[in-house]
Amino acid sequence: MTERMLQKETPLEVRPWSEHFNPYLCFVGQRCDIHMHQTRMFEASPGFFGAKILYLDRENGLIRIKENRKQFNVSIAMICGIMES
């Protein structure tokens, strides 16, 4: 990357890790892009969609999301990546 491109980049934020910290809590109440693990080998869709995260169920390992006026429970183990949209 050129020097000018490096200046435009958002600085990487590094924090000390705690066993009690849940990284998904940062996304509650926000609209995010979620990349899901594919269950079928030759699935046409990439498993990437935008949804609003409503709440996090730590005991059951679920995230409640809202997409197109419908709400779904998603297992945290099925999420490959998540970022703000």
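Accessible areas here come from the Shrake-Rupley method with a 1.4 Å probe. With that fixed, I looked up the surface of this predicted model and noted that the accessible surface of the chain comes to about 7100 Å², of which 54% belongs to carbon and sulfur atoms. I also noted that 18% of the 85 residues count as buried.

Next I went through the secondary structure, which comes to one helix and five strands, in the order α-β-β-β-β-β from the N terminus on. For contacts between residues at least 6 apart in sequence, I recorded that 41% join residues at least 24 apart.

I then turned to the interior. The largest nonpolar core has 12 residues, among them Tyr24, Phe27, Cys32, Ile53, Ile65 and Ile79. The elements that give two or more residues to this core are β1 (31-36), β2 (48-57) and β3 (62-67).

I followed β3 onward to strand β4 (residues 70-75), and found the two running antiparallel and joined by six bridges. Glu67 stands opposite Lys70 in β4. The two strands form a hairpin with two residues between them, and in the turn I noted Asn68, which has a positive phi of about 50 degrees.

Last, I checked the nonpolar surface and found a patch of about 330 Å² made by Met1, Met5 and Leu6. Of these, Leu6 lies in helix α1 (residues 3-8). Is Leu6 buried or exposed? I entered Leu6 as partly exposed, because its relative accessible area is 45%, and that class lies between the under 20% of buried and the over 50% of exposed residues.

Note on methods:
Residues numbered from 1 in each chain as written. Predicted model: local features only at pLDDT ≥ 70, side-chain atom pairs only at ≥ 80, totals over all residues. Heavy atoms only, no water. Core = buried A, V, L, I, M, F, W, Y, C linked by side-chain atoms within 4.5 Å. Buried < 20%, exposed > 50% of the residue type's maximum accessible area, 1.4 Å probe, protein only. Helix = DSSP H or I, 4+ residues; strand = E, 2+ residues; numbered from the N terminus. Patch = residues over 30% accessible without salt bridge, like charges linked within 9 Å, V, L, I, M, F, W, Y side chains within 5 Å. Salt bridge = Lys/Arg side-chain N within 4 Å of Asp/Glu carboxyl O. Pairing = 2+ DSSP bridges. Contact = heavy atoms within 4.5 Å.
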